[in-house]
Amino acid sequence: MSRAPGNLALGLRHRQRLIEIGSIALGAVLLIWTLLPVYNLLLIALDPEEGEIEFTGNLWTSEPTLDGFIDVITQKARYLEDFWNQFGNSVFIGLLTMVLTVLVGSLASFAVSRLRLARGSLLTNAALLTYAIPAAFLIVPYYRIMHEYGLYDNLWAVVLAQVTFATPFAILILQLYGRLIPLELDDSARVDGASPLQVYMRIYLPLMVPALAVVAIYALLLAWNDYLYQAVLLSPRNMTVSMVQGQLFLDVDAEWNAMMAAAILYVLPPLAVLFVLRRYVAASLAMVSSGP
Amino acid sequence: MSMQPLAAMGPPVALKEPRRPSRHGRLRAAEVRWGLAFIAPYVAVFLAFVVHPYAYVLWMAADPSLYADLIDDRLFLPTLVNTLLFVGLGVNLKMFLALLLSGFFLRPRRWIRILLAIYVLPWALAAAQTCLSFHWMLIGEQGLVDGLLLQLFGIEGPIWFNGRWLGLGSDIAACLWKWMPFWTLIFLAARLTIPRDIYDSAKVDGATGVRQFVHVTFPLLANLYLICTLLSVLWTLGDFTTVYLVSNGGPAGLTNVLATLGYHYAFNFGRPALGVAAVMSALPVLIPLIIVLMRRFQTSAVQL
């Protein structure tokens, strides 16, 4: 009688150890899978030779050097003579997309969900319709209408395009999250004589901070990830970092160590923003996923 | 919607004096004016940058002769097949693996939490730059992957971008690498909201491991899984950067998807209308997708 439970416990422990080994193996695979392309970026960026994209067989470059980074920062690398200007253009597009998406999205979802605007759901559905045709499919008409609006080769053209594609998602997230905030709060403020603008500024925005953080990150990443709209709507006079790298990648003779160093510098700012806002992102993700 | 209760609350006197607004009425009117002012910025964006391009796209794609030209083009049919594979394989692999991995990341270990922080990194890394890294990593015997294969296992790796299927496979891998972490996070967050006692009672009934996943976890996440899959289909269809920068549509244009082929027609061959027609050939798939998506969002809103 006592042997059966003993065997069971043994089997259970055996199984648990198998699960533990399996999960460590899976973890190792995931780690390599995730870090391989990042490691490749570093490997090329730290290589002393300019055009070097070859993997010479050593797991680490024999003489790693920061020359690539220094060439980028001092704007000595070919194609990157104007790096800080290009970087500034990327930051301009990213930051404005972020701010405008948060502003336009929060105003619209405040009106629909808090001011109880009749037929407000119509606006939400219309906004979702934006995603019926994927953004990349709309590049030709965008090229034409930006010419019509006189915005071609203007950084604002890219900003407005990105705000258009980010705002529907923003409205959706803000509405889902907004349900957590009782309407009675607004009502009591209104009875005290606050105008809708004051309610928006003093009650809605402060309570929505976690969702606004997610919307901001989303918009920033959307603009930061974009290559197509920048490449088509801007000319070489208004280069961004992504444009340089995308347009010249077929040139094997480019200074690839500097190019990849520039890529690493470009990749860092959203990581910093994400790190600062990580708590809010976790909170809103949990809330939104519990919805549907 | 909320107009009716307000109207019902108004005193019957209001019927005799319709011109004198009640206090509620005045508040309501002011509220509507504020509401309109608040939505005005978005309405302006929507009209200028959604309605206008949509009208443009439909008008440009309306010429039937364009579709005859498309069928005649040797690149179009392979591109349709590629798009089907890129989206079909890419999205299903991405979502299914993300769902399974979200279970793995649920394990309460410190090292798994650290691994999660590393694993979500690709989501926050810029697309063009990481796609370039994929391109150089797979460039053939000079690339990191083939180099490692040779060093570690003595295998001569393939020249990834010389063949259609390997090229397309590289694109799918890059797309998985970039977007799987995002969906894993969504599913992980959803799993965290499933109450513990549901699992406890399932365990009492003998459901553990795979059966627990099939009979408890999956049914609870099914609606979210469907919404995420549909969204992912729309986003993957519009993924220009991955295919353009990883395989560059090559060799000989055989790894193009609709998004990159439309771009080539419009900006390299100087035929913008043909480019629009190419991408709009996906419209019969897009319309039902967005209708289902809207319905699902509404039902989930009611459930909330």
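In the predicted model, the secondary structure of chain B consists of 16 helices and 0 strands. Chain B has 304 residues, of which 38% are buried. Among the contacts in chain B with a separation of 6 or more, 68% are made by residues 24 or more positions apart.

One helix of chain B, α14(B), was examined in detail. Of its 11 residues, 8 are buried, and the helix is thus mostly covered. The buried residues are B:Leu258, B:Ala259, B:Thr260, B:Leu261, B:Gly262, B:Tyr263, B:Tyr265 and B:Ala266. Within chain B, these buried residues pack against α5 (76-104), α13 and α15 (272-280). They also pack against a helix of the other chain, α5 (139-148) of chain A. After α14(B) comes B:Gly270, which has a positive phi near 65°.

The loop that leads from α13 (240-246) to α14 (258-268) of chain B contains B:Asn248. This residue is not a glycine, yet its phi is positive, at about 55°. B:Asn248 has 18 other C-beta atoms within 10 Å and is therefore partly exposed; a residue needs 20 or more to count as buried.

A residue of chain B with fewer neighbours than the limit for exposure is B:Asp200, in helix α11 (residues 196-204). B:Asp200 counts as exposed because it has 9 C-beta neighbours inside 10 Å, and the exposed class takes residues with 12 or fewer. B:Asp200 and B:Val57 are separated by 143 residues in sequence, and their C-alpha atoms are 54 Å apart in space.

Chain A is divided into two parts, domain 1 (3-73) and domain 2 (83-290). The distance between the C-alpha centres of domain 1 and domain 2 of chain A is 33 Å. Where the two domains of chain A meet, 13 residues of domain 1 are in contact with 13 residues of domain 2. On the domain 1 side of this contact, α1 and α2 of chain A each supply at least two residues. The largest share of that side, 5 residues, comes from α2(A). By class, the domain 1 side comprises 6 nonpolar, 2 polar and 5 charged residues.

The loop between α2 (67-73) and α3 (83-113) of chain A holds A:Gln75. Phi of A:Gln75 is positive, near 60°, although the residue is not a glycine. A:Gln75 has 14 other C-beta atoms within 10 Å, so it is partly exposed. This count lies between the limit of 12 or fewer for exposed residues and that of 20 or more for buried ones.

The largest nonpolar core has 162 residues. The residues with the most contacts inside this core are A:Ile173, A:Val215 and A:Ala262. Helix α6 (residues 155-178) of chain A gives the most to the core, with 16 residues. Leaving aside residues up to four places away in sequence, A:Ala262 touches A:Val72, A:Leu80, A:Phe83 and A:Val241.

Chains A and B are in contact through 73 residues from chain A and 77 residues from chain B. On the chain A side, helix α1 (residues 3-45) of chain A provides the largest share, 12 residues. The residues of the chain A side divide into 53 nonpolar, 16 polar and 4 charged.

A further contact between the chains involves A:Leu221, which is placed in helix α9 (residues 209-225) of chain A. When residues up to four places away in sequence are not counted, A:Leu221 touches A:Pro270 in its own chain and B:Ala124 in chain B. A:Leu221 is buried because 23 other C-beta atoms lie within 10 Å, where 20 or more are required. A:Leu221 and A:Val104 are 117 residues apart in sequence, while the C-alpha to C-alpha distance between them is 17 Å.

Notes:
Residues are numbered from 1 along each chain as its sequence is written. Chains are lettered from A and ligands numbered from 1 in the order in which they are written. This is a predicted model: local features need pLDDT of at least 70, side-chain atom pairs count only at pLDDT 80 or more; totals for chains, interfaces and linings use all residues. A nonpolar core is a set of buried Ala, Val, Leu, Ile, Met, Phe, Trp, Tyr and Cys residues joined through C-beta atoms within 7 Å. Helices (H or I, at least four residues) and strands (E, at least two) are DSSP runs, numbered from the N terminus. Two residues are in contact if their C-beta atoms, placed from the backbone, lie within 7 Å. Ala, Val, Leu, Ile, Met, Phe, Trp, Tyr, Cys and Pro count as nonpolar, Asp, Glu, Lys and Arg as charged, and the others, Gly among them, as polar. Domain bounds come from an automatic or database domain assignment.
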